[in-house]
Amino acid sequence: MSPIAWERLEGAALAVVASAGAIALDAWWWPLALFLAFDLSALGYLRGPRAGAFAYNLVHSYWGPAALGAWAIAAQAWDVPGDVRWILIGASSWLFHVGVDRALGYGLKHDDHFQHTHLGWIGRGRPDAPRGL
């Protein structure tokens with residue numbers, strides 16, 4: 001299996017884990033409700049491909065939901081006042097989005113073109129796309 005196939009499988013597995021987390025929090029519908037909100041990071045492309053890739057990659061990396069989840073777990077362990085459930089729902093929703101994107105082949109963006117990702121080119125305008133479609 002190719003490294004790209006492995007990464008796509010990893011994304012699918014993490015989306016399943018995130019779904020299980022949302023179900024455990026009795027918030028199974030939040031990842032679906034928030035799914036497109038994370039794609040607002042693509043608005044960075046209004047400033048050009050370099051700024052767009054930075055904004056998109058910032059939101060579509062695994063470190064963000066991992067840090068948010070770690071913060072929630074630490075807050076709970078340190079008895080910080082407040083309900084960490086919402087932080088965990090946000091983390092699981094975010095992880096679900098990134099995992100589904102990776103499973104579908106949407107990777108981190110190169111700064112030359114929106115359709116150029118670390119998993120290859122996506123969409124109809126890609127260089128290897130069949131012509132005439």
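**Figure 1. Span of helix 5 in the predicted model.** The 19 residues of helix 5 should span 27 Å at 1.5 Å a residue, and the end C-alpha atoms of this helix are 26 Å apart, which agrees with that expectation. The helix, which covers residues 85-103, is mostly covered, since 14 of its 19 residues are buried. After the helix comes Gly105, whose phi is positive, near 95 degrees.

**Figure 2. The salt bridge between Arg102 and Glu7.** Arg102 forms a salt bridge with Glu7, and the closest N and O atoms of the two side chains are 3.3 Å apart. Because Arg102 lies in helix 5 and Glu7 in helix 1 (residues 3-24), the pair ties together parts of the chain that are 95 residues apart in sequence. Arg102 has a relative accessibility of 3% and therefore counts as buried, the cut-off for that class being under 20%.

**Figure 3. The salt bridge between Asp111 and Arg50.** In this pair, which is also a salt bridge, the closest N and O atoms of Asp111 and Arg50 are 3.9 Å apart, a value that falls within the 4 Å cut-off. The pair links distant parts of the chain, with Asp111 in the loop between helix 5 and strand 1 (116-117) and Arg50 in helix 3 (residues 49-59), 61 residues apart. Asp111, at 44% relative accessibility, counts as partly exposed, whereas Arg50, at 65%, counts as exposed. With the pair of Arg102 and Glu7, the structure holds two salt bridges.

**Figure 4. The whole chain, as a setting for the close-up views.** The chain has five helices and two strands, and its elements run α-α-α-α-α-β-β from the N terminus on. Taken along the principal axes, the C-alpha atoms fill a box of roughly 60 × 35 × 25 Å. Of the 133 residues in the chain, 38% are buried, and among contacts between residues at least 6 apart in sequence, 58% join residues at least 24 apart.

**Figure 5. Surface and charges of the chain.** The accessible surface comes to about 8100 Å², and carbon and sulfur atoms account for 69% of this area. The chain carries 9 positive and 10 negative charges, and the mean positions of these two sets are 11 Å apart.

How values were computed:
Residues numbered from 1 in each chain as written. Predicted model: local features only at pLDDT ≥ 70, side-chain atom pairs only at ≥ 80, totals over all residues. Heavy atoms only, no water. Helix = DSSP H or I, 4+ residues; strand = E, 2+ residues; numbered from the N terminus. Buried < 20%, exposed > 50% of the residue type's maximum accessible area, 1.4 Å probe, protein only. Expected span 1.5 Å × (residues − 1). Contact = heavy atoms within 4.5 Å. Areas by Shrake-Rupley, 256 points an atom, 1.4 Å probe, with all protein chains shown as cover. Lys, Arg positive; Asp, Glu negative; His and termini not counted. Charge placed at Lys NZ, Arg CZ, Asp CG, Glu CD.
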